[in-house]
Amino acid sequence: MKLLDDDKIIDMSELFKIFGDSTRVKIINILIDQEMCVGDIANEINVSQSAVSHQLRILKSSKLVKYRKDGKEIYYSLSDDHVEKIFRMGCEHIDEI
C-alpha cells in the first residue's frame, strides 16, 4: 500500500481520536443495535444527559452518528455500516491480544 497523503493521514488520525473516549465508544456500542434518544442513552450507559449530548455533538460533527426528529424527540443512530465495522474490528483486535 502506498503512503497516504498528509491530508488523509490527518483525517485518519482525527477519526481514531474519536474512538479514544470511553463514553463515545459506549454510545457507538449501544447505537449498533438500535436508534435511541439522549435520555435512553444516558440511562443505558449511566452518564448524565448533558455529557451524552456533548459526546453526540462530537460524534455528529465527525459524521459517525446521525439523527432524526420525531416531534420534539430526537433519535440518534450510527451514520452507516462503516462505523459498526470499525467498532467490531476494534473488538476483534482486542480479543486477539
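Buried means under 20% relative accessible area, exposed over 50%, and partly exposed in between. The exercises below apply these words to a predicted model.

**Exercise 1. Describe the overall build of the chain: how many helices and strands does it have, and in what pattern do they follow one another?**

Solution. Begin with the count, which gives five helices and two strands. Next, read along the sequence, where the pattern is α-α-α-α-β-β-α. Then turn to the extent in space: the C-alpha atoms fill a box of roughly 50 × 30 × 20 Å, taken along the principal axes. Finally, consider burial, for which the share of buried residues is 28% of the 97 residues in the chain.

**Exercise 2. Decide whether Met36 is buried or exposed, and find how far its C-alpha atom is from that of Tyr75.**

Solution. First locate Met36, which is found in the loop between helix 2 and helix 3. Its relative accessible area is 7%, and because buried means under 20%, Met36 counts as buried. Now compare sequence with space: Met36 and Tyr75 are 39 residues apart in sequence, yet their C-alpha atoms are 5.0 Å apart.

The same steps can be followed for Gln55, which lies in helix 4 (residues 49-61). With a relative accessible area of 10%, Gln55 is buried, and its side chain is joined to that of Arg24 by a polar contact of 2.7 Å.

**Exercise 3. Work out which parts of the chain the salt bridge between Arg68 and Glu35 ties together.**

Solution. Start from the general idea that side chains of opposite charge can pair when their charged atoms come close. In this model, the side chains of Arg68 and Glu35 meet in a salt bridge, with 2.5 Å from N to O. Arg68 lies in strand 1 (residues 65-70), whereas Glu35 lies in the loop between helix 2 (22-31) and helix 3 (38-45), so the pair ties together parts that are 33 residues apart in sequence. As for accessibility, Arg68 counts as partly exposed at 36%, and Glu35 is partly exposed as well, with a relative accessible area of 32%.

**Exercise 4. Examine the salt bridges Glu14–Lys17 and Asp81–Lys85, and state how many residues separate the partners of each pair.**

Solution. A search of the whole structure finds four salt bridges, and these two pairs are among them. Take Glu14 and Lys17 first: their side chains meet at 3.2 Å, N to O, and both residues lie in helix 1 (residues 6-18), three residues apart, about one turn of the helix. Then take Asp81 and Lys85, whose closest N and O atoms are 3.5 Å apart; both lie in helix 5, four residues apart, again about one turn of the helix. An α-helix has 3.6 residues a turn, so residues three or four places apart point the same way. To complete the picture, Glu14 is partly exposed at 40% relative accessibility, Asp81 is partly exposed at 43%, and Lys85 is partly exposed at 46%.

**Exercise 5. Check the span of helix 5 against its number of residues, and find which residue caps its N-terminal end.**

Solution. Helix 5 (residues 81-96) has 16 residues, and at 1.5 Å a residue these should span 22 Å. The C-alpha atoms at its ends are 23 Å apart, which agrees with the expected span. At the N-terminal end, the cap is Asp80, which has a side-chain oxygen 2.9 Å from the backbone nitrogen of His82.

**Exercise 6. Describe the largest pocket by its volume and by the kinds of residues that line it.**

Solution. Rolling a probe the size of a water molecule over the atoms shows where empty space is left. The largest pocket holds about 200 Å³ of space. Its lining includes Leu4, Lys8, Asp11, Glu14, Ile18 and Ser62, and the lining residues divide into five nonpolar, one polar and three charged.

**Exercise 7. Identify where Asn46 and Lys63 lie, and describe their phi angles.**

Solution. Asn46 is found in the loop between helix 3 and helix 4, and Lys63 in the loop between helix 4 and strand 1. Asn46 has a positive phi of about 60 degrees although it is not a glycine, and for Lys63, likewise not a glycine, phi is also positive at about 60 degrees. Turning to accessibility, Asn46 is exposed at 72%, and Lys63 counts as exposed at 66%.

Notes
Residues numbered from 1 in each chain as written. Predicted model: local features only at pLDDT ≥ 70, side-chain atom pairs only at ≥ 80, totals over all residues. Heavy atoms only, no water. 1 Å grid on protein atoms, 1.4 Å probe; cavity = no way out; pocket = protein on both sides within 12 Å on 5 of 7 lines; lining within 4 Å. Points joined across faces, edges and corners; volume = space filled by probe spheres on them. Nonpolar A, V, L, I, M, F, W, Y, C, P; charged D, E, K, R; others polar. Expected span 1.5 Å × (residues − 1). Polar contact = N/O pair within 3.5 Å; in protein donor to acceptor, adjacent residues only side chain to side chain. Buried < 20%, exposed > 50% of the residue type's maximum accessible area, 1.4 Å probe, protein only.
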